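Subject: The structure, and what turned up in it

Hi there,

Here is the structure I promised to pass on. Please have it open while you read, as my notes follow straight after.

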Amino acid sequence: MLITICIIIFLPGWLPRPRAGAVPHAVSARRGTAPKDRPCPPTAGNTFSSKQFIGKQSLLVFFGTYCPDCKQVLPVIEEVWKELKDDPRFLLVTISRKETAEVVSNYWKENQFTMPFYLDTRGEVFSLFANNTIPRIYIINPDNEVVWMAVESLDISAKELIQKIKGLK
């Protein structure tokens with residue numbers, strides 16, 4: 001089992017944008033331009049580039065292993081991962097806020113998580129979305145629009161979250 005670890009780089013001009021009327025006050029993101037290809041350096045043989053969001057049914061999750069609410073949400077996200085990981089239209093990006101690879105890797109191992117994770121060791125990516133409060137869960141459609149979000153808790157099951165993701169056009 002390989003765990004993908006890298007730092008995600010978002011350019012301030014490119015963020016998922018909220019769909020009109022779908023997510024009022026959802027994120028501080030604004031309509032972006034086409035992302036420049038700024039891939040993360042290879043880690044465990046894999047890279048991540050922000051271009052990979054385009055055309056995908058994406059689930060973006062900000063978390064911290066120190067966060068009690070995140071500890072409740074991450075097993076649900078793992079269930080979603082296990083169900084959708086083989087779907088080529090699905091992309092899961094889980095981003096640890098201000099933690100080291102060692103801390104997150106140990107937490108993943110203790111909890112037997114198989115989903116990939118990425119590091120935002122300085123909180124720079126998170127700050128493009130919000131000032132505080134995790135977990136933050138965003139569903140982003142193939143047109144790069146935030147169509148659903150949850151902050152601080154997740155009040156739906158993995159099955160319901162999967163249905164929301166599969167329902168994206």
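The pLDDT is the predictor's confidence in each residue, on a scale from 0 to 100. You will want it here, since this is a predicted model. The protein averages a pLDDT of 77, and 70% of the residues score at least 70. Among the elements, helix 1 (residues 68-84) has the highest mean pLDDT, at 97, while strand 1 (residues 17-18) has the lowest, at 50. Two stretches call for some caution. Residues 1-14 have a pLDDT below 50, and this stretch makes 55 contacts in the model beyond near neighbours in sequence. Residues 18-46 are also below 50, with 65 contacts counted in that way.

Now to helix 1. Does its length agree or disagree with what its residue count predicts? At 1.5 Å a residue, its 17 residues should span 24 Å, and the end C-alpha atoms are 25 Å apart, so the two agree. The buried residues of this helix are C70, V73, L74, V76, I77, E78, V80, W81 and L84. An α-helix has 3.6 residues a turn, so residues three or four places apart point the same way. As for their packing partners, the buried residues of helix 1 rest against strand 2 (57-63), strand 3 (90-97), helix 2 (101-111), strand 5 and helix 4 (158-166).

Just ahead of that, have a look at Y66, in the loop between strand 2 and helix 1. Y66 has a relative accessible area of 44%, so it counts as partly exposed. Leaving aside neighbours within four places in sequence, Y66 is in contact with K71, R97, E99 and I134. With R97 there is also a polar contact: a polar side-chain atom of Y66 lies 3.5 Å from the backbone oxygen of R97. Y66 and V103 are 37 residues apart in sequence, and their C-alpha atoms are 9.7 Å apart.

R97 comes up again around F126, which lies in helix 3 (residues 124-127). F126 has a relative accessibility of 3% and therefore counts as buried. Beyond residues up to four places away in sequence, F126 touches F62, R97, D120, N131, N132, T133, I134 and R136. R136 is 10 residues from F126 along the chain, with 9.3 Å between their C-alpha atoms.

The last region is the hairpin formed by strand 5 (residues 136-140) and strand 6. These strands pair in the antiparallel sense over five bridges, and I140 has V146 of strand 6 as its bridge partner. Four residues separate the two strands, and N144 in the turn has a positive phi of about 70°. Strand 6 (residues 145-151) is largely enclosed by the rest of the structure, because six of its seven residues are buried.

Within the loop of that hairpin, which residues does the side chain of N141 reach? The side chain of N141 comes to 2.9 Å from the backbone nitrogen of D143, and a polar contact of 2.9 Å joins the side chains of N141 and E145. At 5% relative accessibility, N141 is under the 20% cut-off and so counts as buried. Leaving aside neighbours within four places in sequence, N141 is in contact with K56, V147 and L168.

Happy to go through any of this with you.

Best wishes

How values were computed. Residues numbered from 1 in each chain as written. Predicted model: local features only at pLDDT ≥ 70, side-chain atom pairs only at ≥ 80, totals over all residues. Heavy atoms only, no water. Contact = heavy atoms within 4.5 Å. Buried < 20%, exposed > 50% of the residue type's maximum accessible area, 1.4 Å probe, protein only. Pairing = 2+ DSSP bridges. Expected span 1.5 Å × (residues − 1). Polar contact = N/O pair within 3.5 Å; in protein donor to acceptor, adjacent residues only side chain to side chain.
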